[in-house]
Amino acid sequence: MGLNDTFKAVCTRLARAGYTAFAPDLYHGKVADTIAGAEILGNAIDAAHRQAEAEVAQAAVFLAERAGQSGNGLAVIGFSLGGYYALHLAAADPEHIRSVVLFYGTEGSMGSDFSPSRADYLGHFAENDPYETRANVELLEASLRRAGRPLKFHTYAGAGHWFFEPDRVDAYRPAAARLAWRRTLAFLRATLTPPASR
């Protein structure tokens with residue numbers, strides 16, 4: 001959907017938990033409010049995926065400098081299409097990315113080589129998701145396991161794509177969203193340098 005208020009709020013929530021957070025605007029100011037609009041934006045970014053990968057890498061450098069991280073201490077969180085970019089960044093920049101959190105996103109990751117990654121992985125997936133099939137999730141899980149990466153994937157019963165996003169009133173599942181957020185914060189605490197010790 002783009003860098004809308006929902007994803008800005010995710011950054012605010014991370015900041016309140018003690019982390020420095022940054023969300024790159026890969027759509028350069030464009031925001032969709034319909035599925036059709038999101039598909040148009042998603043198709044455009046797919047066509048320019050190398051540029052988007054470079055922008056995500058630049059965002060990681062910016063965040064590392066801003067947060068004062070000189071070592072392996074960044075997390076990347078990807079939602080839906082952003083899952084591809086989170087997965088790609090962890091393999092492309094293993095020196096900095098320690099943690100990867102995926103929200104219903106494995107897109108385009110099939111056949112990827114995750115062996116360069118040094119990250120731990122957490123995945124939040126929906127039971128009923130036409131965009132991310134159970135088979136895709138299982139293929140990603142198998143690929144990460146072959147690469148020797150620690151991971152924990154959760155499936156949320158009765159939930160569909162966008163279950164974490166309150167602006168998607170047709171799909172939002174508050175209980176699943178709260179549980180996914182608690183699990184995300186616990187994962188970040190376990191895999192990143194605690195904010196107080198930075």
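**Close-up 1. Serine 117 in the loop between E2 and E3.** In this predicted model, serine 117 lies in the loop that links strand E2 to strand E3. With a relative accessibility of 3%, serine 117 counts as buried, because the cut-off for that class is under 20%. Leaving out residues up to four places away in sequence, serine 117 touches Ala90, Ala91, Pro94 and Arg149. The side chain of serine 117 also makes a polar contact of 2.7 Å with the side chain of tyrosine 121. Arginine 98 is 19 residues from serine 117 in sequence, and the C-alpha atoms of these two residues are 8.6 Å apart in space.

**Close-up 2. Strand E2 and its pairing with E1 and E3.** Six of the seven residues of E2 are buried, so this strand is largely enclosed by the rest of the structure. Strand E1, residues 74-79, pairs with E2 in the parallel sense over six bridges, and within this pairing leucine 74 has isoleucine 97 of E2 as its bridge partner. E1 and E2 also belong, together with helix H4, to a β-α-β unit that is right-handed. E2 is joined to E3 by five bridges, and these two strands likewise run parallel. Among the residue pairs between E2 and E3, serine 99 stands opposite aspartate 120 of E3, while leucine 102 has glycine 123 of E3 as its bridge partner.

**Close-up 3. Threonine 191 of helix H6 beside serine 99.** Threonine 191 belongs to helix H6, which comprises residues 174-191. The relative accessible area of threonine 191 is 11%, and this residue is buried because that value falls under the 20% cut-off. Its side chain forms a polar contact of 2.5 Å with the side chain of serine 99. When neighbours within four places in sequence are left aside, threonine 191 is in contact with Arg98, Ser99 and Asp120; two of these residues also meet across the strands, since serine 99 stands opposite aspartate 120 in E3.

**Close-up 4. The crossover from E3 through H5 to E4.** Strands E3 and E4 run parallel and are joined by seven bridges, with leucine 122 standing opposite lysine 152 of E4. Between these strands the chain passes from E3 through helix H5 to E4, in a β-α-β crossover that is right-handed.

**Close-up 5. Helix H5 and its buried face.** Helix H5 is formed by the 13 residues 134-146, which at 1.5 Å a residue should span 18 Å, and the C-alpha atoms at its ends are indeed 18 Å apart, so the expected and modelled values agree. Which residues of H5 are buried? They are Val137, Leu140, Glu141, Ser143 and Leu144. Seen down the axis of H5, these buried residues fall within an arc of 160°, and they therefore line one face of the helix. The buried residues of H5 pack against helix H4 (82-92) and against three strands, namely E2 (97-103), E3 (120-128) and E4 (151-160). Just after H5 comes glycine 148, which takes a positive phi of about 75°.

Methods
Residues are numbered from 1 along each chain as its sequence is written. This is a predicted model: local features need pLDDT of at least 70, side-chain atom pairs count only at pLDDT 80 or more; totals for chains, interfaces and linings use all residues. Side-chain values use heavy atoms; hydrogens and water are left out. Helices (H or I, at least four residues) and strands (E, at least two) are DSSP runs, numbered from the N terminus. The expected span of a helix is 1.5 Å times one less than its number of residues. Buried means under 20% relative accessible area, exposed over 50%, partly exposed in between (1.4 Å probe, protein chains only). The arc is that of the directions from the helix axis to the C-beta atoms. Contact means heavy atoms within 4.5 Å. Two strands pair if DSSP finds at least two bridges between them. A crossover is right-handed if, with the strands pointing away from the viewer, the path from the first strand over the helix to the second runs clockwise. A polar contact is a pair of N or O atoms within 3.5 Å; within protein, one must be able to donate a hydrogen and the other to accept it, and residues adjacent in sequence count only if both atoms are side-chain atoms.
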